[in-house]
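The following paragraphs walk through a protein chain by way of its helix packing and its charged side-chain pairs. Please keep the sequence and the three-dimensional view at hand while reading.

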Amino acid sequence: MTTRNLDAVFHPRSVAVIGGSTRPGSLGQHVLDNILQGGFGGTVHAVNPKPVERAGAQWAPSIAALAEVPDLAVIVTPGVTVPGVIADLGARGVRAAVVISSGLHDPALRATMLEAARVHTLRIVGPNCLGILLPHIGLNASFAPRGAAPGRLAFVSQSGALVTAMLDWAADKHVGFSAVISAGDMADVDLGDLIDMLAADARTDAILLYIEGVTGAAKFMSAARAASRIKPVIAIKAGRTAAAGKAALSHTGALVGAYDVHAAAFHRAGIVLVDSLTELFDAAQVLCRIRPRGGKRLAIVSNGGGAGVLAADALPAAGGTLAPLSPQTIAALDPALPADWSRANPVDLVGDARPERFTAATRAVLADPQVDAMLVMHCPTAVATGIEIAQGVVAALGEQPAHKPVIACWMGSENAAAVRAIFDSANVPLFDNLDDAVRGFGYLVQAGRNREAAMRAPAHVSVAPADRERARRVVEAARGQNRTVLSAAETRDLLAAYGVPVVQSRVAATPEQVVETCACLTPPFALKLVSPDFSHKSDVGGVALGLAAPEAAAAAAREMRDRILAAHPEAVIDGFEIEPMIVTGDGQELLLGLAEDATFGPVLAFGAGGKAVEVLGDRALGLPPLDDALAGEMIDATRIARLLRGYRDVPPVDRAAIVRALNAVSAIAVDFPEIAELDINPLVATAKGVIAIDARARIAEEGRESRLVIRPVPVEWTADLVTRSGLALHVRPVVPDDEALLDELFRDMSADDLRFRFLTGLREVGRDRLVPMTQVDYSRTINFLAFAGETLVASAMLAADPDGVRAELAIAVREGYKGKGVSWTLVEHVMRYARAEGIQFVESTESNENQAALALEREAGFEMIPVVGSPTEMLVRRRIS
């Protein structure tokens with residue numbers, strides 16, 4: 001749904017427990033006791049037909065008899081009563097309810113509950129949940145056996161049992177929370193809604209998630225992508241070892257598992273994925289203290305040579321690399337370290353190291369431009385205490401201008417405990433063992449990589465209309481014959497329409513026609529069975545290779561037909577496909593495919609191909625739409641990527657050609673929602689390019705809507721417009737590559753214009769502002785760029801709230817193009833877009849000094865509303881009819 005009315009869940013001033021009780025052992029008693037004992041400062045009501053005499057609670061025999069309308073209701077009555085309770089609460093004006101009650105698995109009962117809530121826009125957390133805890137306001141509206149301390153971590157869990165385990169674990173570790181939400185069955189409020197709320201919560205520094213399954217995948221992705229740009233989002237996904245194999249038409253379908261698809265989606269959403277509660281908090285400790293910078297080169301400084309080597313050994317698995325030390329760094333370290341020091345990374349300070357060595361090493365290593373981050377390790381010795389050394393390290397950190405990430409590892413729990421306060425004061429994450437410390441750096445690397453992926457907004461791959469129409473004819477021809485499976489030849493035709501090189505082929509209906517069919521092909525030949533009964537032809541001996549002459553191909557076809565019909569009398573043989581043999585030489589056989597996931601829709605797969613594809617299991621997954629950078633990431637995530645780079649006398653393959661093929665399949669997924677599976681195996685890659693040898697596709701029902709969870713650039717909103725002054729404008733949505741264009745636009749604007757656009761004094765617009773303006777989530781944000789010829793003359797950015805009800809507009813116009821109607825034309829284009837998106841209000845905050853903008857907005861029908869508490873600003877609002 002949306003975040004509407006969820007402020008009543010997160011900021012209630014009064015709570016009513018429906019079913020609250022004093023009966024010992026009842027659920028109503030546990031929840032009521034937890035609320036009253038938690039220190040909640042608001043009004044607490046207990047609703048029960050039987051009197052509830054409990055200090056601190058006001059009893060009411062019914063919802064209608066409540067003395068006031070509570071902000072939040074907590075329902076603990078039997079499941080069958082819940083729809084009626086929701087209806088009564090909605091009638092009283094209650095905006096939100098936490099339904100702890102179970103027993104609502106019956107679809108009809110649940111539907112009745114949701115309909116009762118919908119009428120009143122009443123939001124439901126649950127049902128079948130443990131409840132919620134908001135430690136900052138002392139609210140424990142749950143039946144958890146213990147409460148939570150206040151802190152800056154938010155935890156959302158689909159498992160109530162894991163909430164109780166988390167509270168126990170956190171109490172032992174002295175970890176506090178801004179919110180703990182047991183989401184339950186998520187009949188209404190789901191993960192996307194909760195992430196949106198917590199992203200905007202000033203008390204929350206990081207969002208921790210336990211996920212069993214995602215509902216509303218597109219909304220979840222938008223919420224997570226938005227949240228991960230401003231704070232860490234860290235998740236555990238249950239079901240990693242669940243069996244994912246199933247009968248599938250394609251190799252791609254057999255290789256795509258539910259957990260791995262979630263992992264690919266989380267990566268694209270900027271979510272850091274971990275495997276345990278311990279790792280969840282370790283990741284939170286690092287990411288709350290250190291903002292990801294994108295680098296993965298780590299320097300290791302240690303007074304224990306063995307510990308340094310072990311940390312270096314663990315580094316590749318965490319996604320990091322050892323930073324090479326520059327000659328200048330080694331020269332700076334030589335005077336401070338023993339003559340026999342390692343002179344390399346890891347920097348071994350030797351066991352008798354005192355604070356001075358640690359201080360000198362910290363300064364020198366962090367000054368090295370080839371170092372992205374530092375891990376400083378201390379093994380206890382009698383020479384100097386860990387406290388002295390920690391103080392020396394922290395003192396050196398205060399001197400580094402680059403503020404590079406630093407992680408500390410004081411080996412041993414007692415050694416670490418003694419220095420925790422010192423490193424806390426410097427905002428340095430601390431671990432007591434090297435494995436966790438290296439993994440901590442890995443979370444930083446993963447977060448940086450994921451954050452970049454989350455900000456990618458790939459453009460739709462351009463395909464000529466005639467080519468797209470050619471592809472559509474292929475699909476419609478199969479549908480006209482009531483077929484759901486495209487033949488290899490049809491699939492190659494589809495791929496060729498999107499620019500993927502394919503092998504030339506011909507089809508002979510019978511063995512007798514094979515000789516004639518071979519006449520227009522170059523020997524030697526490959527012969528392949530054409531049959532709807534066998535997805536993988538080689539499994540039944542349906543492939544013959546290296547046939548030197550047409551007669552040999554015909555003989556192979558007869559033998560293949562007779563053998564297969566003898567083993568499978570019921571099989572339908574439609575013919576034989578003949579291709580020229582492709583001499584691949586040192587080429588690599590790859591798999592490139594498209595499969596359907598029940599949650600996240602179309603999923604792309606890339607990896608090692610050939611007959612052993614399932615055995616090798618070497619593949620990377622990604623969600624469409626892609627761009628070159630994301631396609632490159634998929635390639636690099638496979639083991640075969642090392643072979644693709646070339647080795648010994650084998651040259652590297654044409655990587656750009658593979659990227660183009662990945663983008664083409666991504667474009668097919670965007671353009672044809674009805675294609676449920678597509679498999680290219682093998683896609684042969686050589687130094688000269690790629691070629692699709694064999695391919696197969698399956699189509700689903702006609703008219704199926706797109707299931708993309710990441711919206712591609714809405715190129716349909718590209719337009720050629722003319723301003724009132726006659727200036728011709730070409731307007732299109734922004735794409736990531738426009739960052740330099742926007743930078744140049746803002747550099748050409750005056751200081752006053754920059755102040756009016758950003759409502760703050762700026763000398764220049766930094767990359768921290770340019771990136772969110774060019775790498776946008778088109779489900780919520782659009783940035784239209786207007787060009788006069790080749791010159792970018794204006795930008796109009798519209799950012800909607802999670803509800804999609806209101807959106808904020810900001811316009812910037814180049815100095816030489818003011819007074820020519822550019823702003824008016826852009827505003828009207830934006831309004832047409834907002835109307836199509838269902839946005840109800842477009843707003844903008846203007847400086848009262850910006851009289852030109854205010855005059856234009858008055859003329860365009862905007863209402864002027866003074867900003868409370870800010871006499872220098874004006875809120876302008878226009879309702880979209």
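Helices, as the word is used here, are DSSP runs of H or I that span at least four residues, and they are numbered from the N terminus. The model itself is predicted, and the elements named below should be read with that in mind.

One helix in which this numbering is useful is α26, covering residues 751–758, where R755 and D752 both lie, 3 residues apart, or about one turn of the helix. Across that turn their side chains meet in a salt bridge, with 3.1 Å from N to O. Neither partner is described as buried: R755 counts as partly exposed at 25% relative accessibility, and D752 likewise counts as partly exposed, at 42%.

A pair of neighbours in sequence offers another case, since D562 forms a salt bridge with R561, the closest N and O atoms lying 3.2 Å apart. Here D562 has a relative accessible area of 45% and is partly exposed, while R561, with a relative accessible area of 25%, is also partly exposed.

What do R123 and D193 tie together? The side chains of these two residues meet in a salt bridge of 3.3 Å, N to O. R123 belongs to strand β6 (residues 123–125) and D193 to helix α6 (residues 191–199), so the pair links parts that are 70 residues apart in sequence. Both R123 and D193 are buried, that is, each falls under 20% relative accessible area.

Such contacts are not confined to isolated pairs, for R492, K528, K537, E577, E579 and D694 are linked in a network of salt bridges. Over the model, the count comes to 47 salt bridges.

Helix packing gives a further view of the model. Two packed helices are described by the angle between their axes and the distance between the axes. For helix α7 (residues 217–228) and helix α9 (residues 258–269), the axes come within 8 Å and cross at roughly 45°. The two helices, α7 and α9, are therefore oblique to each other, as the range regarded as roughly parallel ends under 35 degrees and the roughly perpendicular range runs from 65 to 115. On the α7 side the contact involves F220, M221, A224, R225 and S228, which meet A265, F266, R268 and A269 in α9. Sorted by class, the contact of α7 with α9 has 6 nonpolar, 1 polar and 2 charged residues.

Terms used. Residues numbered from 1 in each chain as written. Predicted model: local features only at pLDDT ≥ 70, side-chain atom pairs only at ≥ 80, totals over all residues. Heavy atoms only, no water. Axes fitted to C-alpha atoms, helices over the stretch in contact; angles between N-to-C directions. Parallel < 35°, antiparallel > 145°, perpendicular 65-115°, else oblique. Contact = heavy atoms within 4.5 Å. Nonpolar A, V, L, I, M, F, W, Y, C, P; charged D, E, K, R; others polar. Salt bridge = Lys/Arg side-chain N within 4 Å of Asp/Glu carboxyl O. Buried < 20%, exposed > 50% of the residue type's maximum accessible area, 1.4 Å probe, protein only.
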